[in-house]
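Welcome! Below are some short exercises, each with a worked solution, to help you find your way around a structure that is new to you. Keep the sequence and the 3D view open as you go.

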Amino acid sequence: MSQDVSFIADAMKQAVPYVKTTGIEFEEVSASRIVASLPDTPTLHNHIGGPHAAMMFGLGESASGAVVMAAFAAHLGKATPLAVRAEIAYKKIAMGPLRAEAVLGRSADEVLAELESGTRPEFPVTITITNAEGVTTGEMTVVWTLKPAR
């Protein structure tokens, strides 16, 4: 039985001011996959009229954070999720609204088993950023850890 993670969209808007400020919306939410979108807002544009590279990165990182929160929601009393490192590849010029699909790269059970064994786990979240036509404009990986609560 899977847990209800529908609260993640609202939780992200409350816990992460950047999400609310940029207008990121969470369209699909599950414990292993999140789809988030960034509206086409002129205040977020770059010098060529599309979303600034920082906005693309922020969308992808926010989607990755949301999937981590969803995957480990029931365990946040034992550990704090923290981004360790991130990499992004800008594939095509992005114009208009964007969509980011973030997928947990390891099973939550495997990560939790590492945490329970006393190891501080690291795990990837892969993100694909696309435009309204479905063209991939960016690809990201964010590596996360669960820092044990003390």
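**Exercise 1. Find which backbone atom the side chain of N131 reaches, then describe the surroundings of N131.**

Solution.
- Step 1: Start at the side chain, which comes to 2.9 Å from the backbone nitrogen of E133. Please keep in mind that this is a predicted model.
- Step 2: Place the residue. N131 belongs to strand β5, which covers residues 122-131.
- Step 3: Decide on burial. The relative accessible area of N131 is 12%, and buried means under 20%, so N131 counts as buried.
- Step 4: List what N131 touches once residues up to four places away in sequence are set aside: M95, P97, L98 and T137.

**Exercise 2. One of those partners, M95, is also part of a surface patch; work out where M95 sits and which residues make the patch.**

Solution.
- Step 1: Look in the loop between β3 (79-90) and β4 (98-104), where M95 lies.
- Step 2: Check the exposure of M95. Its relative accessible area is 41%, so M95 is partly exposed.
- Step 3: Name the patch members. I48, I93 and M95 make a nonpolar surface patch of about 300 Å².

**Exercise 3. Compare the reach of helix α3 with its expected span, and then examine S64 within α3.**

Solution.
- Step 1: Count along the helix. α3 runs over residues 53-72 and has 20 residues.
- Step 2: Compare the spans. From first C-alpha to last, α3 reaches 29 Å, close to the 28 Å expected at 1.5 Å a residue.
- Step 3: Ask how covered the helix is. Of the 20 residues of α3, 15 are buried, so the helix is mostly covered.
- Step 4: Pick out S64, which has its place in α3. Its relative accessibility is 0%, and S64 therefore counts as buried.
- Step 5: Find a polar partner. The side chains of S64 and W144 make a polar contact at 3.2 Å.
- Step 6: Add the other neighbours. Beyond four places in sequence, S64 is in contact with A102, V125, I127, V142 and W144.

**Exercise 4. Which residue forms a salt bridge with E25, and what parts of the chain does the pair link?**

Solution.
- Step 1: Recall the idea behind such pairs. Side chains of opposite charge can pair when their charged atoms come close.
- Step 2: Find the partner. K13 forms a salt bridge with E25, and the closest N and O atoms are 2.9 Å apart.
- Step 3: Place both ends. E25 is in strand β1 (residues 25-29) and K13 is in helix α1 (residues 8-15); the two are twelve residues apart, and the pair links distant parts of the chain.
- Step 4: Check exposure. E25 is partly exposed at 38% relative accessible area, and K13 is partly exposed at 24%.

**Exercise 5. Follow the salt bridge between E101 and R33, and see which network these residues join.**

Solution.
- Step 1: Find the pair. The side chains of R33 and E101 meet in a salt bridge, at 2.4 Å from N to O.
- Step 2: Place the pair. E101 lies in strand β4 and R33 in strand β2 (residues 33-38), so the salt bridge ties together parts 68 residues apart in sequence.
- Step 3: Look at exposure. E101 is partly exposed, with a relative accessible area of 24%, and R33 is partly exposed, with 26%.
- Step 4: Widen the view. A network of salt bridges links E28, R33, R99 and E101.
- Step 5: Put this in context. The structure holds nine salt bridges.

**Exercise 6. Is R106, the salt-bridge partner of E114, buried or exposed?**

Solution.
- Step 1: Locate the bridge. The side chains of E114 and R106 meet at 2.4 Å, N to O.
- Step 2: Apply the cut-off. R106 has a relative accessible area of 17%, and buried means under 20%, so R106 is buried.
- Step 3: Turn to the partner. E114 is partly exposed, with a relative accessible area of 25%.

**Exercise 7. Find how far V5 is from A71 in space, and which residues V5 touches.**

Solution.
- Step 1: Begin in the segment before α1, where V5 lies.
- Step 2: Go from sequence to space. V5 and A71 are 66 residues apart along the chain, and their C-alpha atoms are separated by 8.4 Å.
- Step 3: Check burial. V5 is buried, with a relative accessible area of 5%.
- Step 4: Leaving out residues up to four places away in sequence, V5 touches V29, S30, A31 and A70.

Note on methods
Residues are numbered from 1 along each chain as its sequence is written. This is a predicted model: local features need pLDDT of at least 70, side-chain atom pairs count only at pLDDT 80 or more; totals for chains, interfaces and linings use all residues. Side-chain values use heavy atoms; hydrogens and water are left out. Helices (H or I, at least four residues) and strands (E, at least two) are DSSP runs, numbered from the N terminus. The expected span of a helix is 1.5 Å times one less than its number of residues. Buried means under 20% relative accessible area, exposed over 50%, partly exposed in between (1.4 Å probe, protein chains only). A polar contact is a pair of N or O atoms within 3.5 Å; within protein, one must be able to donate a hydrogen and the other to accept it, and residues adjacent in sequence count only if both atoms are side-chain atoms. Contact means heavy atoms within 4.5 Å. Patches are made of residues with over 30% relative accessible area and no salt bridge: like charges are joined within 9 Å, nonpolar side chains (Val, Leu, Ile, Met, Phe, Trp, Tyr) within 5 Å. Accessible areas come from the Shrake-Rupley method with a 1.4 Å probe; for residues, only the protein chains shown count as cover. A salt bridge is a side-chain nitrogen of Lys or Arg within 4 Å of a carboxyl oxygen of Asp or Glu.
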